Structures are given as structure tokens and as C-alpha cells.
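The following exercises are to be worked with the sequence and the model at hand. Each task is followed by a solution in steps.

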Amino acid sequence: MVLTSVGKMVELQKKTSAIRNICVLAHVDHGKTTLADCLISSNGIISSRLAGKLRYLDSREDEQVRGITMKSSAISLHFVKGDQEYLINLIDSPGHVDFSSEVSTAVRLCDGCIIVVDAVEGVCPQTQAVLRQAWLENIRPVLVINKIDRLIVELKLTPQEAYLHLKNILEQINAVTGTLFTSKVLEERAEKGTESENISDTSPGAEQIYDWSAGLEDTDDSHLYFSPDHGNVVFASAIDGWGFGIEHFAQLYSQRIGIKPEVLLKTLWGDYYLNTKAKRIMKGDQSKGKKPLFVQLVLDNIWSLYEAVMKRDKEKIEKIVTSLGLKISARESRHADPKVQLNAICSQWLPVSDAVLSMVCNKLPSPLDITAERVEKLMCVGARTFDSLPPETQELKSAFLKCSSEGKAPVIVFVSKMFAVDAKALPQNKPRPLTQEEIAHRRELAKRRHAEKMAANQGKEMTEKPQSENSSEVTGNTGDTKGEEQEPAGQAEIMTSKAMKQEADNKESFIAFARVFSGVVQRGQKIFVLGPKYDPAESLHTLSSQCSPTNDLPLIPHMTCCTLENLYLLMGRELEDLEEVPAGNVLGIGGLQDVVLKSATLSTSLACPPFTPLNFEATPIVRVAVEPKHPSDMPQLVRGMKLLNQADPCVQVLIQETGEHVLVTAGEVHLQRCLDDLKQRFAKVEISVSAPIIPFRETITRPPKVDMVNEEIGKQQKVAVIHQTKEDQNKIPEGVQVDPDGLITMSTPNKQATLSVRAVPLPEEVTRLLEENSDLIRTMEQLNTSLNEDKKSHEINQKTLDRIKEFKQKLEQNLQGRKWRNAVDQIWSFGPRKCGPNILLYNFEGYKRSVWQCLGNAVKEVSKYRDFDNSIVSGFQLATLSGPMCEEPLMGVCFTVEKWEIHKAGETLSTSGQDSGECDTVEHTQNEDTAQTSSCTDEVCSLNEHQESGQSVPKSPEKVSKQKGEVLLADCYGPFSGQLIATMKEACRYALQAKPQRLMAAMYTCEIMATAEVLGRVFAVLSKREGRVLQEEMKEGTDVFIIKAVLPVAESFGFADEIRKRTSGLASPQLVFSHWEIISSDPFWVPTTEEEYLHFGEKADSENQARKYMNAVRKRKGLYVEEKIVEHAEKQRTLSRNK
């Protein structure tokens, strides 16, 4: 096909109804990029012979070497169907689990997607993940079942077996869609149910009966499923260049058999067979032992073609080619590789690009068909509902739905990611053909330079002649000398321009990968950039919605203005300049690198809300510390890491407290890519990388019932344990009381306050619940602080409150029993960082404060504890952030403060501060330092002055009282609040040490597909790396086993490579972060009973897994490690001398 001009593309961009924005999604190695190659070759961008071998959209070197896609890249294709022309913006996405964040960026910009599934492997873990991502973004999928040639060539199935296998794959895919649909319907029903409950309270006597099935029966979901007769399934082999939907064969056979194409379309897939005598299609092929229509009319033909070509049956091939009316060149028919001949025949008979693109144009929506539900979802950030948005914002919904390109329509653009492009690749920097004048000018310059060289050479030869003579001989006249004088200046200019050019070449340019949802974007246009926390309600409060980005506006948080410098048409590896882009198109925008970090919403209207943030499937878990080999290169590395952070949607760049620069990535392949980019593109310096920093968590467990040799812990064990605990108690300093049941009592250094703290393990379900709801806990914390500061809490909407109530109910359900009585109401804080999986409870008299203030049960507490309760919470936060074992965060621990006494001096202070009665204070301060007294009285005086003059008091009385108390209580140990923080932190740590401590390791779930002959080797690698197999099952119709296992992240480095080596590349794992798991062995264990001594020996030096991990982390952090290097070193010597 002829290469389409950019002018044609620009023309097509204006017809919104003829645009299709689609992405290709699949599991790794299911053939996305090969399929994309076939579609690109239909536009003449690459040769059809190279389609599948070139992998055009894999433009990075490491993508070509590894053979996997690592980034999403877009290309615009032109497709003609009948008299209708279409513009198809195709985005190819990665299938590897490490790069699933790139899939999210692609899915957000599309209206539809092509799901590609390997006909042999079927539905894989990543297939399910991409189906879920497409579902969450409300985009419509179509299906391509690829690699059907493998069923013929590798598995050697008969057409009948292949039909059953394909049917099975379709059922599996529809089952995934079905589960997604069911959960959505049930969620909606549950929401409606709660709403109706709120409206009308049922009578107390009546029982409520939930009929969950009703919602599913009423809702029509037939359009969601994939079925060839719906026209949303294509069967293909992209590498051989063929693909078809059954409508192609329905048209073909309707003329031959004389049956209407509509009837054939409904019966070609399913249990129908052709009764040749009656020339009728009958139902029930299997019961009568007949061939289904699909096998008889479609698969048999493809199978016979493959058979003929593979067996080199020339007569049969010629017969097939002539009957199909194809032209095959002599080169292809004589080629040694039968695949070349196959490709030549099939790509003409059933071109895959026609089948896929016509399905895309028929079945996938244009930007005009965007659903109201999707628009509302995009516009509502977090827990906000669409109705709670300002009216000006709600009006924008119509602009979304119209997708209009009129001049008045507000411009709304979403940038899903920033990607780096070599500055040389930008259209303005590309080498262009020279004009005749430029060529003549350059020729002139070259002649002059040549003349100069000749002159210089002659000058060297004639050194004996006087200088004046020489110059006159060479130059001739004065005009030439002038020219010569000017020349060096010109050369200097050329040199500087070259240096500048080189600098520009080395620079990476960032281009925003974006889509226009409304209005027309023009080059040089000014536009607002809205950050993810921007709130339209606030800005509309201060400014009118008519404000344009050109006006000088006051500073508004999370919003800036910028100019769109360049607009590009994305053409895979190429970029083309554009002047304007109408609504509904995907484009590249240059010049946003200073204002957009990873993703952003651009708009000309202030009422536009920022879009919902992208939801990433993969969690970044693999950390490494990076430093330059030469310390002088540090600034380049820091700059390079900033650029890397901008260029990759999933990577995180941190500077730890230790000053290390840390990269957090999604997996090993992702880490390798980031490091290569850092070395070669962004920092361009040599770097050294630490071993991966593996995260652990610390926790406590219930005391064990059996010892290490599975003997029940009896009396002899207890004696030993008592000795052991006595030894442990020696570690705890004086002044700390430890009760036998683990209650720790400590006083502050100035003995003004005493704390008693106990640590207990939380049930697993509660820990999981806290982890899942960390965002909700963060929201609660924000609401509580705004309530405490007496701000208006107008943004608390009903949906958030309902979620908080539901969360509280779940906690109450899981925390039941005598020891958890009233625990939920006594929750003081969560930690670390106030939203973690640990809980702080208060269980002493005279204090009431709750994290559930936002639910309306806020109690204004006036007591002696109020001034310093934040110090206790801060101490708890510090204790949970770094535990005693190896300074790692805690998880699943509940600390209860059972006693908190503030002694007389402290009490008088706090009460005096609250009542603002000064007599007590004066009495007390006589004993204090004079400086402190004066400062305190000054503060009181200034406060009284303020009150008398009737001015607004700058500080709340509460804060002043706190300051007063602190000033008075500062002694040689420092401020009292600081002492409380330190004491609380230490008490928590000792309370942990009084219980059996355990480490928790991060775990991956690992799915491995392997054939039967390499199963043993896979299990060997798993067991060597502390893996645990959960299940193995054989995939129907294949000889492939699916093994599901869990593997510690600490043991996963090099795991994929090792499995590939051991299995000769026949098995490849997919690792996804799953959960945290307690390592059962005790890191501090020593043998105590006789049986243990016998079993493990006196030193018990068989390596303890938990201790090994703990020591590794302590070494990395520079903490003390208890290790015996050599006990008794003796030099070995031979007694008799060798003769």
C-alpha cells in the first residue's frame, strides 16, 4: 500500500467519527508487536516481508535484544473500508508484568483495545490483568486469537481438536469478563440497597432478605462477551500474515452454497453442521458425529493449505493458488523455507490487517461515543462524587460527550506520561535536503579552503624567500587577502555552532504522550496545567471561570500556566510536526518538561478538575542504591535521576536518611532498563549499584506451643527459658520494670511521668484490612486535623463517611473476644506515618480521644493529658517506623498504653495553663530559673494585652498553654514533650522485645508455565530459593503445566535467569508482589533443652534463615552484628618431616 502523507492524516484528524484510538494488550510473548507490524505494513511504512521480523514499534536497542516490549509507543494508520476512510491511532503496549504501568498509560488514552491471546497458552495471568485494566477504564475490548499456526505445526492437532481448543479458550476469556461484570453489578446493587435503607428505615420487626441474583438476571451483559458471531473475534497467525473473522467466510460461502450470509454468520460458530443433501444447516453436530460448520468450511481449508506447503506438494499448491486467484512470485515459490511461501499465499488470501482493522472500525467506538459513566469516573478524583463537584465543572461533562472541535469549546487534554526522545529525532533538528544556493555556497567555501591549504604548503616550501614576496605571490590582490582575513572568524563561528549543536544533540527532549478530549489544541497556545491535587472549587471561589491562561493570575495551589511549544503526530520511531490537533486525537506535545512531572491534566478552563490518577497494577518493590564511580560526577547523577523519574511512569527516586540515592523499580527487568537508561542516556556517567535493598517488616507472635524439635514445651524447657529471659532482662537497663506478661513500665528522665505499655500481635485479617485501607486512614487523619483546627469540614461527603463506617464495622468484626473489648473505640492512632498496619490503644482512666472524630463523635477533651498526647503518638510513630531487630518498620502490632501518670509538678503546670490562672504558676516558677520566669511572664502579659485591646489573638489558648507548660518543664533533660517522645519510643521497643519477635519477608506470587520434562528442574530451583509450591495443574489440550508458587523477594534475584538456564528456555516465570509473610524461625533462637542440644549441637550453627536476613540488614545499615569469626585457630603442622 502507498505511504500516506501527513497532510492526509491531518485531514482525517478533523473527522472525529472516523477516528479510532486503540491499544494492543496481551500477556508477554503473545504476539502484540508482530500483530502491530502487520497492521503497519498495510500502510506501506515497512515492507510486508519484514512484518513480524522487524518489530518496528520496539525502537529501543534492549527491546530488540530481549525480544520484549518495554514501553508503549503510538503510530497513526490510515485505513480505507469501502468508501469510508478511517484514522487509527494504534498504541502498542508491553506484556511483561514489570512494565504494566505503561499499559495503564496507554489504556487511559484509548476508547477501545485489542486483546491478543496465544492459541496454545490461552489465558495467562497478564491476560487477566489487562482485561481488568481495560474494564476499570471503561474501554471496549475486541479479541484476536493469535498463533493458530502453532496448533497445526507444533501441537499437530486435527481441525476438530483445534476447534474444541479454541472454543475452550473463548470460554476462559469470557469467564474472566463475567467475573468482572458480576462484581460490578453486585457493587451497584449493594450501593442502591444502602441508599434505600437511608431513605426509608424498615420497621424493626421485619426481616430483610437479600436476593443477590436478581441484579444479575435483570442486567443484559450479552454485548460484553467475545463471540465470533458478534464479529468481535479474529482468528489469526500474525507471523504468517493471515487472519479472518467469520463474516469473511460467511460472505464467501453464501454465494457458493446459496445460503444467506446472515444465516451463515449466526451458524458458522457453534454446534451446527451442513446437511449436504438437503442443503440446510442443522443443529447438534456432536450428537450426530458430524463436523461442525467452522471445521468443515474454515479450518479444513487452512489445514490442507499448511499440509500442502509443509510437504512441498507443488501440484496441490498450484491448484490452491489458482482457485483462490492469487499471484505468487517465482522467488517465493522456489524459496527453501516453506514459511516464506505460506506467508506469501496467506497474506494475500486472508490479510490479517484487513480482518483486524475492519473489526476495529465496526466494533470499537469513536471518541464521540464516550460514555457518560466513563466521563464521570475520569472527573471524580478520590472519594468525591460527580454531584459534589461545582456546577461549572459539571457543565464540562457535555463538552466531553460532544468531543467538539469548535473554537468556543474548552480545551481539555490529558497527559498520561512523559517520554524521552533524542533531540536529533525531533522534526526541527532533522537533516533536510540542501537548496541549490546552499550547495553553491558550500562549494565556494570548499574551494577557498583548498586554496588556503595549497598556499600553506607552498609557503613551507619557499621558506628561503622573503615573507612579503611569498604573500604577494600566493594571494595576488588585496580583495583576496580580505577574504582570507575573514575566513578564520567564519571558522570560529562554525566551531562554536558545532559545539552548541553537539550540546543540543546530547540533550534529551521530553515529549508528553497525550490525548485531546475536547476543543482544538494549537501550537503556541497558552494553557493551564492542573496538578493531581488541584481543586476547581477553590480557584472558582477566587477567580471567575472565564479567566484565560493569558491573564496575569494570582498564585493558585497545584496550578501553573504554560505554552504548548510543539505538537507532534506520533509515528512510531518518527515524529511529524503539526500546527493544530482537534478533539479525539492522540498526540505528542513538546516543551512541557518543566511543568509536568509524570502525568497531568491541561485545560483552558479553570473549572476543569484533574483526571483520576492512573491505577498501576505493579507495586515498585525492588530497591537499589546508586552512586557515581567518580564522586565529581554526583551532580550529573542527580540530574540524570530526575530525568529518569520523569521518563518512567513507575520508577520512584528517593534520597534516604542515610543520604543514599535509591531507585525503586517494579522488578528485575525494569531495574536493568532503568540502570541502562541512567548510564547511557540521562546521567551519562559510570555508576556503581548496590546489591538490591530488600524490605522486611518486624512483628511479634504468640509464644510457641512446641520447640524446635516438635516436642511440647515442658518443665525442663521452662527452666531453660527462665535462664534465657533472665539473660535477656540483663539487656534491659535499670529503671524499666518488666512484668512476666510483658507489660513495660518506664519513667521519663526527670521522673515527672510514668508510662506502662504492652505489645500484642494483631490478627492477620486486621493487618490485611489496615493495609488495604491505608488511603482511607490517611483521609481520616486529614479530616481529624481539619476538625481539630476548627476548619470547615465541608468536603466530607457522604460516600467517604460510609466507607469509614464500613471500615470501622469490619475492624469490630475482626477484633472480638475478651481482650479486644472496646478496642476499636480506644484506637488512638495508626502507625507508622499515621496510616500504617499498627495500632495504638489507650486503656487508662481520665482520657478520651478517638480517630473516629470525623464520624461526629468528637469529644472536646479537657484534661491533664491533653497537652502532651501528641508526644505519645509521635513516640509510637517513631517506634513503629524502625523496630529493635534491624530498624525496619513494624507490621501487625498493637501497643496499648495501660497507664500514664503525670506527677504533681506536671499536673499543676498543665492545669494552670488551661485555667490561665497565674497564681500556681508564679509559686512554681520561683524555684525555676529567672530567665525562664521572665520569658513566661512576658508571654502571659502579652496575651493579656491582646485580650484587653480586643485584637484577634494570634495563637489559640491551647497552643499558648502548651508553650507555657513546655517552657516551665524544660530542665537539664530537655523539653518535657521530647522526653515523653523518647520514653514512649523506648517503652514500645522494650515491649516488643518482651514478646517472641519475628521477621516478615515480602513475597512474590510466581506463575511458571513449563512442559512435563522440565518440571523437576523447576521444582529444584524453587526449593533452593525457599519457594513454596501452592498448586500445579495441567492446561487442557496441551502438555503444559501451570505452577503457582510463592517466593521471598530476597531470594528472587536472578531467579528468572536461573530457571531459563536450567530448563533450556522452556519455562519462564512471572513474578508479582503479593503479600508479607512471617518467617517462622526465631532469629534469636538458641538450643535450650536436651533434645535440642542433641539435634542441633551446642553451637546450633546450622544457618537460621531469619537470623541470616536480620544480620544482612544490620550490616547494610551499619548496626552492630553479633558474629563469631574464628573461635579456636590452630595452625596445622605435620609432626614427622617429609623425607
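**Exercise 1. Confidence and overall make-up**

The model is predicted, with an average pLDDT of 80 for the protein and a score of at least 70 for 80% of the residues.

Task: Establish how pLDDT behaves over residues 200–212 and over residues 464–505, and how many contacts each stretch has.

Solution.
Step 1. Over residues 200–212, pLDDT stays under 50, and the model has six contacts for them beyond four places in sequence.
Step 2. Residues 464–505 also have a pLDDT below 50. Beyond near neighbours in sequence, 18 contacts involve this stretch in the model.
Step 3. For the protein as a whole, the elements number 37 helices and 34 strands. Of its 1139 residues, 48% are buried.
Step 4. Taking contacts between residues at least 6 apart in sequence, 75% join residues at least 24 apart.

**Exercise 2. A six-stranded sheet**

Task: Determine which strands stand at the edges of the open sheet that contains β25 and β28, and why one side of each is left without a neighbour.

Solution.
Step 1. The strand order is β25-β26-β27-β30-β29-β28, and the pairing is mixed.
Step 2. The edges are β25 (737–738) and β28 (827–831); each has a single partner strand, so one side of each lacks a neighbour in the sheet.
Step 3. At the β28 edge, pairing with β29 (residues 838–842) is antiparallel and runs over four bridges. Here I827 faces L841 of β29.

**Exercise 3. A serine in strand β27**

Task: Decide whether S756 is buried or exposed, and list what it touches.

Solution.
Step 1. S756 belongs to β27, which spans residues 753–761.
Step 2. The relative accessibility of S756 is 3%; because buried means under 20%, S756 counts as buried.
Step 3. Leaving aside residues up to four places away in sequence, S756 touches L743, I744 and T745, together with T896, V897, E898 and K899.

**Exercise 4. Two crossing helices**

Task: Describe how helices α26 and α27 cross and which residues meet.

Solution.
Step 1. Two packed helices are described by the distance between their axes and the angle between them.
Step 2. For α26 (residues 774–788) and α27 (residues 798–814), the axes come within 11 Å and cross at roughly 115°. The crossing is left-handed.
Step 3. From α26, the residues L776, I777, T779, M780 and L783 meet T800, R803, I804 and F807 of α27.
Step 4. By type, the residues of this contact are six nonpolar, two polar and one charged.

Note on methods
Residues are numbered from 1 along each chain as its sequence is written. This is a predicted model: local features need pLDDT of at least 70, side-chain atom pairs count only at pLDDT 80 or more; totals for chains, interfaces and linings use all residues. Side-chain values use heavy atoms; hydrogens and water are left out. Axes are lines fitted to C-alpha atoms, for helices over the stretch in contact, and angles run from 0 to 180 degrees between N-to-C directions. A crossing is left-handed if the near helix is turned anticlockwise from the far one by less than a right angle, and right-handed if clockwise. Contact means heavy atoms within 4.5 Å. Ala, Val, Leu, Ile, Met, Phe, Trp, Tyr, Cys and Pro count as nonpolar, Asp, Glu, Lys and Arg as charged, and the others, Gly among them, as polar. Buried means under 20% relative accessible area, exposed over 50%, partly exposed in between (1.4 Å probe, protein chains only). pLDDT is the predictor's confidence in each residue, from 0 to 100. Two strands pair if DSSP finds at least two bridges between them.
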